[in-house]
Amino acid sequence: MSTASQHQFVPAEVLRMGSLLTPLAVVALSLFPLVQASHIHASPRLHRRAEAASVPDLPANWTFLGCYTDNPGARTLTGSAFTNTTSMTVESCVDFCNDQSFLFAGVEFSQECYCGNGLDNGGTNASVTDCSSACTGNANELCGAGDRLDVYWSGIQPPPPPTTVASVGLWDSLGCYNDSTGARTFPVQLNLANTSVETCTDGCFNAGYPLAGLEFAAQCFCGLTFENGAIPIDLSTCDMQCSGNSSEFCGGPNALTVYNFTGTLPHGPEPPDNGGGGGGGQDSSPVFPVTSGLPAPWQYAGCWVDGAAGRILPTELPDNEDLTVESCISSCISENENFTLAGLEFSTQCFCADALVNGAVTTTDSDCDMGCSGNATEACGGPNRISLYSSTTNITSFPVPIVQNTSLPGNWVYQGCFQEGADGARVFPYENIWTDNMTIEACLNQCALFGFPAAGAEFANQCFCGDVSDVTENSQGLTDPTACNQACSGDPIHLCGGADTLQTYFWNGDIDVWHTPEVTGAYEFLIGGVVVPLLTTLGINNKVAFLEKWGTSEFDNSTGAYELDLSLTNDFDLAWRTMHVQTDVFCSGALVLPDRGARHLNVGGWSLTSTFGVRLYTPDGTPGVNGTNDWEENPNELQLQRGRWYPSALVLSNGSVLVVGGEVGSNGAPEPTLEILPTPAGGPTYKFLDYLNRTDPNNLYPFLHVMPSGRIFIGYYNEARLLDPTTLDTDVVLPNMPGSVNDFLAGRTYPMEGTAVLLPMKAPYTEPVTLLVCGGSPGAAAEALDNCISIQPEVENPQWTLERMPSKRVMTCISALPDGTYLIVNGAQIGVAGFGLGEDPNLVAMLYDPVQPLHQRMSILNETIVARLYHSESTLLPDGRVLITGSDPQTPGLPEEMRVEVYIPPYLSTGKTQPTFSITEHDWEYNGQYEITVELFEGTTATMNISLIAATSSTHGNNMGARTLFPAFTCAGNTCTITAPPNAFISPPGWHQLWVLDGPTPSHSHWVRIGGDPAELGNWPDFPDFTRPGVGPISSNITTL
């Protein structure tokens, strides 16, 4: 019994029955959950800029030559090669090639290194931006891309390309002939140390044979006639350079370069001595597999056929001129994976794996007849033959991979093998590279999760996502199915495309439905502005307070604060009231306090003293009549405990104010703390937050919301958690927020800036609250996110749900509307928030309706001509329109935008008369009941609804304090009784706009305060430079309510 028979071979039939495939499938599913994308190993992408990619430290005279095309079936660099999935760098590749005296070195696909003495097989110069994949060993270096090589050159001119020698003396070339290891064309093989046309023909002459054939670069055969049906084949098949003379071709795989002697031989055929005459060589001692002295439990596992349907061992180590069986096994053990299989081929090649692939089959031991380059008595395979060794008695061999066109997840349907686009263009816009765990199922699930109905698998480990239109518009069409011939890196029994070919799948049906209603509403110019506001707040005087970056304003005469009277927008001079701030509010936070005066609170600022700023304004005046109050501030009397640039603020359930995060001044160190206003007595009371410290600078303007349990939701970068309302310690860590389909590290808070809102809460307030986040970005210069995500943070095992938007958007602005929908406007489709960092404005408004089923909630509305990016805002007005302001991008071609627009939502665009109502009680207690008198023009109280929208301050798309409630009410005639929210967790103390809806049509709003002023902010701050409204019931003479 041969030594190979000691191993249990698991055939394909057993695999298909599930003995191994079932646990493999379980592993694949566990690696690819449907909710989070944290498993994705997306290849990092760099832009070839001086500040983005470091300069490699190269040997003398080596220089970067450019980005070149490559083809796995016909390499541009045809010499030695190796792969390093964790530590590839430009330097390691160049050193590897330089040490072997190659003239060119190329890095590809982040992890592959190729060497050569010329640019072969049609490799041509490509756009330098095509080579955009970061090296696995140095993320600051570029290592080509899929089918793209970053090529480096030694400075030495390459030799002329190899040729098929026409004649050597009296030996004439007959061309290229087929050959087979099982049925040789010429039966006599010579062992030559340095194979060339000259040494092979000389050896056959001395052995008395008139025919000489060279194969596989280093093999020499002699014969009297052509045997076993050998016929001429295309000369290009004999394309391997001679091991002893790189200027000559010496056959190819299973292909002989043949020469015929035209003179008189010195004698008839004789057994070759394989020692001289032919140019020297090794002796003809037999070779044997190694069956003893191996590290336990390694054993010889037989001779196997390689290359019949592709490599049977997928991991190839660098060629080794001193290779032995022992050294190959040692290398496979020492690799990161600690492989269980080691294979040796063609004397110098070592392969590693844990399973055989591509339908591997055994052959006779005698086929593995080449001695190892480091020990000529050991068998190291042969041409297309592998001497296999194993550390396990159960060797798994996967069948030849096939198309996965059944048992697909969801509604996916296989479409065929498609070509990539012309001239190197990609079909799909989004790419994931999963080096070790690519499966069709995982790819399809990932694309569907992010709303993409078309998917493609390529090059064994690439997953592409996009739309069906990407295929119809960009692909060169269907191609020969055999061109999709590479097994998936994580599923060796199924195909994952090929070189520039895509295994393509379409979703049958719609994943996300975007409505295009007949009535879309419209943008409308309102008034010319005086500044670019960074912060807008609607006051209870129904005027809008504007704050701008005063100390850093582009306008020398700016006072930093203005107020817009909405009743006078037809008269520019009368509409604007000049106000004043003392320090720079640039990128501060703000909200409306629950005190009797509904004061605007502004905290933080740009630098130095302003970052500690606490500023207050009490709205006064009436529509058409100017107020006299102004912003109050005195840094010598009242300051934050910690200076903050880009902080967020929130009114807590106890009526005090939480201030969180920011940085220590403009682009300064992180300020990963929180504090409370009014500042508690007893010294410093701020609290350090390690999670903000860890995620700086991608967590500015964190999302803050009070939950129905009283806990506080905080969202920052791509993370979220719930805080205990008493200790402010972490109570629950929520799952990370999903990012983009190919970048799970994309963020949602500034500078990757999306917007978060709570969806409406409806009486009796028993349903879990849902939080919605729309927009964001993977980073600077990247395409913005095209999705909204939502979560119910307080349910058991909360998970994010993702809905794809009709367009990409970063620097989003979202305004809650009285009917419970949300208007999404402004922003860019590329980049992040910041000066000069965003481009491609998103001009189209969108509506999100949470009443509709998931994946059917978005409608495409109207379009503006005004680009609004960084420092743009949206604010709900008392008449149901939405104020659209600002844009300060400092991006070429996009000006500072002072024009003020309004968006007229669809509910005001049908010609229906807005309802009216009257109210006398504006100060509500929890669970209290309050009467209004309504007048409806379109429906009845049976079809009427009532909503409450909390007062907000808007900056950087973050509406601080936003909340929508639909309270319970009953009606008798036109008198309706409203039941106030039950507690401060459902509705933290504060001011709200009260709306009546006649069907979908809203009234003008009236202001009510809910929950009073439990923290007695009306008596704060107790300093002479501040006007305090006092505590107790609100004044009955506030006529704007």
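Hi everyone. Let me start with the record: the unreviewed UniProt entry lists "domain: WSC" at residues 61-155, 170-262, 297-392 and 411-508. Please keep in mind that what we are looking at is a predicted model.

Let's take two of those spans. Over residues 170-262, the chain is 12% helix and 40% strand. The end C-alpha atoms of that span sit 5 Å apart. Now move along to residues 411-508, where the helix share is 17% and the strand share is 37%. Here the end C-alpha atoms also lie 5 Å apart.

Next, a sheet. In what order do the six strands of this open sheet come? Reading across, the order is S20-S22-S21-S26-S19-S23, with antiparallel pairing. At the edges are strand S20, residues 315-316, and strand S23, residues 362-363, and each of these pairs on one side only. If you want to find the S23 edge on screen, go to strand S19, residues 299-305, which pairs with S23 in the antiparallel sense over two bridges. Trp 304 has Thr 362 in S23 as its bridge partner.

There is a helix on this sheet too. Helix H5, residues 325-334, lies across strand S21 (341-345), strand S22 (349-353) and strand S26 (385-390). Against S21, helix H5 runs at about 140°.

Further down the chain is another open sheet, with four strands in the order S44-S45-S46-S47, and the pairing is antiparallel. Its edge strands are S44, residues 648-651, and S47, residues 687-688, each pairing on one side only. Strand S46, residues 673-677, runs antiparallel to S47 and is joined to it by two bridges. Within that pair, Leu 674 stands opposite Lys 687.

Now for the cysteines. How many disulfides does the structure hold? The answer is 18. As a quick reminder, a disulfide is a covalent bond between the sulfur atoms of two cysteines. I'll walk through a few.

Cys 204 and Cys 222 form one of them, with sulfur atoms 2.0 Å apart. The link of Cys 204 and Cys 222 is left-handed, with -90° about the S-S bond. Cys 204 is in helix H4 (residues 197-207) and Cys 222 is in strand S14 (residues 219-223), so the pair ties together parts that are 18 residues apart in sequence. Are these cysteines buried or exposed? Cys 204 is buried, at a relative accessible area of 0%, and Cys 222 is buried, also at 0%.

Then there is the pair of Cys 242 and Cys 250, whose sulfur atoms are 1.8 Å apart. This link is right-handed, with 90° about the S-S bond. Cys 242 has a relative accessible area of 4%, so it counts as buried, and Cys 250 is buried at 0%.

My last pair is Cys 447 and Cys 465, with sulfur atoms 1.9 Å apart. At -80° about the S-S bond, the link of Cys 447 and Cys 465 is left-handed. It connects helix H6 (residues 440-449), home of Cys 447, with strand S31 (residues 462-466), home of Cys 465, 18 residues apart. Both cysteines are buried.

Finally, two cysteines without a partner. Cys 587 is in no disulfide, and its nearest cysteine sulfur, that of Cys 813, is 14 Å away. Cys 587 is buried, at 1% relative accessibility. Cys 813 is in no disulfide either, the nearest cysteine sulfur being that of Cys 774, 12 Å away. Cys 813 is likewise buried, with a relative accessible area of 1%.

Thanks for listening!

Definitions and conventions. Residues numbered from 1 in each chain as written. Predicted model: local features only at pLDDT ≥ 70, side-chain atom pairs only at ≥ 80, totals over all residues. Heavy atoms only, no water. Pairing = 2+ DSSP bridges. Contact = heavy atoms within 4.5 Å. Axes fitted to C-alpha atoms, helices over the stretch in contact; angles between N-to-C directions. UniProt positions renumbered as here; feature names shortened; annotations may be inferred. Disulfide = S-S within 2.5 Å. Buried < 20%, exposed > 50% of the residue type's maximum accessible area, 1.4 Å probe, protein only.
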